[in-house]
Amino acid sequence: MKKTVLSFALVFAAFFSCQQDDLKELKKGSVPDDIIGKLQAAGFDTSEGLMKYRNGYLVEYDILLTESEINELAESKSAASHGRVKHYRTTNLVTAPGRIKIHMDPGFDTHMQNAFDAALARYNSESLALSFERWYTSSTADIRIIAFYENSNVLGFSSGFPSGSKPASSISLNTFHYNGTQRADATTVIAHEIGHAIGFRHTDYMNRSFSCGAGGNEGSAGVGAVHIPGTPTAPSANSWMLACSNGTDRPFTTEDKAALCTTYAFGKEELYVIANNNWNGVDHSNGWRYTVICSDWSNPEAMASTSGYVFTVKDGELYRTDVNTYDGATISLGSGWGGTEAMTGGGGYVYAVQGGELWKTNGTTGATVSLGGGWSGTEAITVMGGYVYAVQGGEFWKTDVNTGSSVSLGSGWEGTTAMTSYNGYIYTAHGGHLYRTDTNGNTISLGSWWTNTTAMTTYGGYIFIAQGGQLWKLNPNDINTIPSLGAWNGVQVMTGLQ
Ligand SMILES: [Zn+2]
């Protein structure tokens with residue numbers, strides 16, 4: 001029989017199924033037609049899971065909307081059709097980047113408290129522009145998860161969607177169902193209600209029979225529900241935002257992750273790191289990381305920055321990312337870049353060694369000229385003050401960016417793993433040392449604890465070094481105190497914004 005379905009809001013488990021028809025009757029007479037009309041205009045399914053409840057109406061089983069919130073959603077109809085057409089979300093989102101403090105009522109049992117922590121960890125592992133933190137003071141929390149006891153079929157609900165760029169302020173869970181019951185879907189239910197609070201709608205809003213075994217879509221599709229690019233328009237199997245639970249845990253699916261990332265990506269940072277094939281922005285002051293490009297960025301070959309853009313080579317293409325956009329808008333500047341050995345940026349140009357040539361590419365137009373050949377085996381490169389500095393063939397070369405003519409500043413540099421430049425000096429990781437070299441080739445060691453340095457860059461007067469599973473922030477004027485910006489494994493390429 002089809003009614004053995006658990007809803008987030010209403011339990012239709014086998015032992016309750018006999019009550020379902022009673023409930024339908026109950027709700028039918030209790031919601032005024034004009035409310036139903038407005039909900040439908042805002043794209044909600046009103047055929048199931050709708051009833052008058054407390055100070056508003058319970059919609060799609062678990063979203064509690066007051067009459068004014070319903071009016072607002074219905075009026076946002078035109079905004080939605082002209083807004084960013086982007087799984088489904090509302091037109092209201094939470095201001096990002098931001099930290100969301102969530103308090104959970106201590107009245108919930110250990111199983112629920114653990115599920116709460118697991119739900120937050122699930123979100124935080126996505127490196128979104130929103131981070132989620134357990135907060136112990138109810139009065140200063142952004143979202144309160146409230147325990148209430150009611151001998152009813154209501155499991156719980158989110159009090160609406162974001163408003164005024166803040167998350168919905170409360171989530172209510174019925175301890176009649178959620179204390180002492182050890183439910184397997186506890187983490188998913190909490191993550192689901194948080195999903196509503198930050199603007200996500202039901203994944204299967206267009207056809208709720210997909211998860212609920214009943215219902216359909218009476219709303220005008222596409223109104224008030226904005227499709228998120230890169231996610232299916234059809235119901236998304238096992239999504240955390242399906243309207244009804246099947247009683248099992250539903251971790252984020254690949255499509256869920258795409259929906260979260262696309263909605264809450266964040267590009268406006270100062271440091272950019274590709275690690276484990278993820279394209280991240282990093283706050284250079286506190287090390288917080290955000291996903292900038294949501295798609296897989298495997299096998300990146302090189303990364304550089306100039307003119308406020310970030311350039312990467314991947315799969316033989318040179319890409320340019322506009323990090324002034326929140327979602328890291330990225331275009332290809334052309335192919336033929338396979339086997340790029342090293343890349344740097346400055347003064348509006350990107351300099352790259354590929355196919356044995358040193359190429360100079362205009363960061364705006366993508367136009368490329370060769371500065372000459374003989375560059376096979378280049379180990380590291382940086383640009384400063386009209387010269388490209390590079391280690392190739394064991395020599396430390398200084399090359400004029402306009403003529404391509406080179407002079408050697410010294411030899412013995414085989415095995416250099418990273419290079420950057422700042423304020424008249426070139427910094428080089430070589431043989432476990434960090435060396436500082438002036439523009440005439442005079443070199444001193446700044447320390448010998450830099451074995452296995454994989455990438456190095458500068459921003460804002462600091463040198464950032466990926467080494468030993470950490471991202472270090474070095475002040476060149478204070479080399480004895482080197483704070484870590486946190487654990488970073490699998491760093492492939494890195495650049496500071498230039
Ligand atoms: Zn829901």
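## Helices α2 and α3

In this predicted model, helix α2 (residues 33-41) and helix α3 (residues 67-75) meet with axes that come within 8 Å and cross at roughly 40°. That angle makes α2 oblique to α3. The crossing in which α2 passes α3 is left-handed.

If you would like to find the contact on screen, look at I35, K38, L39 and A41 on the α2 side, which meet I70, N71 and A74 on the α3 side. Sorted by class, the contact of α2 with α3 has five nonpolar residues, one polar and one charged.

## The loop before α3

Just ahead of this helix is a residue worth a look: T66 lies in the loop between β5 (63-65) and α3. Is T66 buried, exposed or partly exposed? With 14 other C-beta atoms within 10 Å, T66 is partly exposed, since a residue needs 20 or more to count as buried and 12 or fewer to count as exposed.

Which residues does T66 touch, not counting those up to four places away in sequence? They are N55 and G56. For G56, ten residues from T66 along the chain, the C-alpha atoms of the two are separated by 4.1 Å.

## Helices α5 and α7

A second helix pair can be described in the same terms. Two packed helices are described by the angle between their axes and the distance between the axes. Helix α5 (residues 110-124) packs on helix α7 (residues 186-197) at an angle of about 55°, and their axes are 8 Å apart. This makes α5 oblique to α7. Here the crossing is right-handed, whereas α2 passes α3 in a left-handed one.

From α5, the residues H111, M112, A115, F116, A118, A119, R122 and Y123 take part, and they meet A186, T187, I190, A191 and I194 of α7. By class, the contact of α5 with α7 has ten nonpolar, two polar and one charged residues.

## Burial and helix α9

Stepping back to the whole protein chain, there are nine helices and 37 strands. Of its 498 residues, 51% count as buried.

Helix α9 (residues 254-263) gives a local example of burial: D256, A258, A259, L260, C261 and T263 are buried there. What covers the buried residues of α9 includes two strands, β6 (88-89) and β16 (289-293).

## A four-stranded open sheet

Now to a sheet. Strands of a sheet pair through backbone hydrogen bonds, either parallel or antiparallel. Four strands form an open sheet here, in the order β21-β22-β23-β24, and the pairing is antiparallel. Why do β21 (342-346) and β24 (368-370) each have one side left without a neighbour in the sheet? These two strands stand at the edges, and each has a single partner strand, so one side of each stays unpaired in the sheet. On average, neighbouring strands of this sheet are turned by 20° against each other, direction ignored.

You can walk across the sheet strand by strand. β21 is joined to the antiparallel strand β22 (residues 349-354) by five bridges, and T344 stands opposite Y351 in β22. Six bridges then join β22 to strand β23 (residues 357-362), again antiparallel, with V353 opposite L358 in β23. Finally, β23 and β24 pair in the antiparallel sense over three bridges, and T361 stands opposite T368 in β24.

## Two hairpins with glycines

Within this sheet, β22 and β23 form a hairpin that has two residues between the strands, and G355 takes a positive phi near 60° in it. The hairpin of β23 and β24 has five residues between its strands, and G366 in the turn has a positive phi of about 85°.

## F464 in strand β34

Our last stop is F464, which lies in strand β34 (residues 462-467). Is F464 buried or exposed? With 25 other C-beta atoms within 10 Å, F464 is buried.

Leaving aside neighbours within four places in sequence, the contacts of F464 are L271, M456, T457, Y459, L471, W472, K473, M494 and G496. Another useful landmark is L474, which is ten residues away from F464 along the chain; the C-alpha atoms of these two are separated by 6.2 Å.

Methods. Residues are numbered from 1 along each chain as its sequence is written. This is a predicted model: local features need pLDDT of at least 70, side-chain atom pairs count only at pLDDT 80 or more; totals for chains, interfaces and linings use all residues. Axes are lines fitted to C-alpha atoms, for helices over the stretch in contact, and angles run from 0 to 180 degrees between N-to-C directions. Angles under 35 degrees count as roughly parallel, over 145 as roughly antiparallel, 65 to 115 as roughly perpendicular and the rest as oblique. A crossing is left-handed if the near helix is turned anticlockwise from the far one by less than a right angle, and right-handed if clockwise. Two residues are in contact if their C-beta atoms, placed from the backbone, lie within 7 Å. Ala, Val, Leu, Ile, Met, Phe, Trp, Tyr, Cys and Pro count as nonpolar, Asp, Glu, Lys and Arg as charged, and the others, Gly among them, as polar. Two strands pair if DSSP finds at least two bridges between them.
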